[in-house]
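I opened the model to go through its confidence, one helix and the contact between chains. My entries follow the display.

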Amino acid sequence: MGTSDHQASPPRLALPELLIGVGLLACAGAVAWQTLAIPVSPLYSKVGPTVFPYITMAGMILLSLLLILAAIRGGWQPEEEKETPTDWKAMGLVAAGLVANLVLIQPLGFTAASVIMFVLVCFGFGSRHPLRDALLGLVLALVAYFGFAEALGVNIGAGLIENQLNALIGAPLGGKGG
Amino acid sequence: MDTLSHLAHGFAVAFTHTNLLWCLVGTTLGTAIGVLPGLGPALTIALLLPITYQVAPEASFILFAGIYYGAMYGGSTTSILLNTPGESATIVTALEGNRMARSGRGGAALATSAIGSFVAGTLGTLGVAFLAPTVVKYALKFGPAEYFSLMVLAFITVSAVLGSSSVRGLTSLFVGFVVGMIGVDLQTGQPRFTFGTAELLDGVDVIIVAVGLFAVGETLYMASRRYAGKDEIVPLKGSLYMTAAEWARSWKPWLRGAAIGFPIGAMPAGGAEIPTFLSYAIEKKLSRHKEEFGTVGAIEGVAGPEAANNASAAGVLVPMLTLGLPTSATAAIMLSAFQSYGINPGPLLLTTQANLVWGLIASLFIANVILVVLNLPLIGLWVRLLKIPAPQLYAGILVFATVGTYGISQSPIDLAILYLLGAAGFLMRRFDFPTAPVIIGMILGPLAETQFRRAMTIENGDWTVFFRHPLSLTLLTLAFIGLVGPHIWAWIEHRRRRGPEHVPGDA
């Protein structure tokens, strides 16, 4: 609170905002690199596939400079956002759930990976009933797998649980399916 | 008369059993996701895009439109009872609606918002039916240069004019452009922005972008803000039937709201924020119960903005169906559904796809009727939905996000992209970048590029074509004013205020 008492104190540089501005500038650099990599046939020299990328790149450079300028002038975060502390533990658990899903979806199949993600995310959000959550996650994942996926005709990676269930369902309904 | 016969034909399409069923499914699902915080129509329609491979175009658009309208109805329930506006368009409803609920008049607030939504939604849909053929007449005269300039105007309005900062809005838009350009250039067959990988040749699917930004990003954001404040549901008190006095105070705001909302929604600028705020300001000024605003809650402050919100949602369909110009994230995703059917949205849509367009418009009338029934007598059901605890709700959203993205390709790379976009969505949410321009830029950017290159090819590479055609010049001038005008205005205001002593209370 010490320095902000003076009304005329110069605005402090806002680091997170500065990083965003610099990050965008880096993205513009990546756009430039990828644009230069586009081979242009002389046939399209006037309005070829690189015109729009160059316009986009120019726009991004300009915008990132404006963002950096705003960051130097104290940033743009609303006060209430700044004052709310980030709950890193909760975010970390959610992120862990996502990573677990990404890593496990191929070896274990969709349902098992989803249950693990579900439990981790619930725990991150403050639920302290992992067993109940696991059961709920299992039901939801199966609903998603059989209802949603079958209805939309999208094919989701089947794992152990799905195969068991498919076999289970398939046995009595064998003739009807298809 | 022409419109009426088309509409009659549309009702014939919409009244088939299957299409009625799709309408019912769409409106129910739409209300549910509107009620649930963290889920919106753009995300839901994106997740359901694979359905376009399964059913006829009429069916999926009736479903999508039902979701779109339903989410508006459901969103107001959440705003009134929970005071967490599900989307920016219902912020104003939360202002007065939640106060009404707290002072025991939640039933009347829900009723005026549902009936107002019905009135305005029906008027707005009528507006679409009658305005669309007229717009098409003009649109048929547009050349590529005019189209491009119109898209530039739409880009500026959706990203720079609406929202809190033009720089951040445009940043989102340009990020959308880059994402939209990834993949093979349709005109020359050159790969662009693929970083040499084969996976990116097909481009990035809009489903992944929408789900990443809206579902994963939102979940991460909510996790990071867990202690920020616990929402409490205001128990529903009061009769759902409005008293005669409440009817008398509601009907004018409904009509005024519809009159404000529809034209603004139908302009290539779109957006529901401006009409709702405008309607709120007008009702506050005209009301004879000014003392209720901001204290116990004024019914006019719910009726007007809710009507404006629904009428503008209908209005957004006009540029989408006649020009192929989406002005909201939801409309942009619907546009990509057209593309998935190989249908070219544009002025010819009304003639080449008459069944689809008029069936869709007719189904919107039916959707409104279904929605008012779903949202008044069955309101208790939706209130129960509000009680789903946050941990299970967000974990469930992530499960469905996985189904929707991994299911398309079965590629873990898509999941990785999804989560990276989720991280980006979190940063955008945290640092106040709007996310809708990303989706609009990604869908509309490539279309704008096509028109740009077409115009340039016709004119042999002479870029002055955009300034020589009078209509194109007008549109570009409007875009320029939209971009620079607010800044100049703010600067003048700033000067004026600093000049002579600013008298408080003269505003």
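Which residue just after H7(B) takes a positive phi? I looked it up: B:Gly163, with a phi of about 90°.

This is a predicted model, in which local features need pLDDT of at least 70, side-chain atom pairs count only at pLDDT 80 or more, and totals for chains, interfaces and linings use all residues. Residues are numbered from 1 along each chain as its sequence is written, and chains are lettered from A and ligands numbered from 1 in the order in which they are written.

I then went back to helix H7 of chain B itself (helices are DSSP runs of H or I, at least four residues, numbered from the N terminus). The helix covers residues 144–161, 18 residues in total, and its first and last C-alpha atoms are 24 Å apart, close to the 26 Å expected at 1.5 Å a residue (1.5 Å times one less than the number of residues). H7(B) is largely enclosed by the rest of the structure, because 17 of its 18 residues are buried (20 or more other C-beta atoms within 10 Å of the residue's own, C-beta atoms being placed from the backbone).

Next I checked pLDDT, the predictor's confidence in each residue from 0 to 100. Chain A has a mean of 81, with 78% of its residues at 70 or more. Among the elements of chain A, helix H2 (residues 51–72) has the highest mean, 94, and helix H7 (residues 160–173) the lowest, 66.

Last, I noted the contact between the chains (C-beta atoms, placed from the backbone, within 7 Å). Chain A gives 60 residues to the contact and chain B 54 residues.

How values were computed. Helix = DSSP H or I, 4+ residues; strand = E, 2+ residues; numbered from the N terminus. Buried ≥ 20, exposed ≤ 12 C-beta atoms within 10 Å, placed from the backbone. Contact = placed C-beta atoms within 7 Å.
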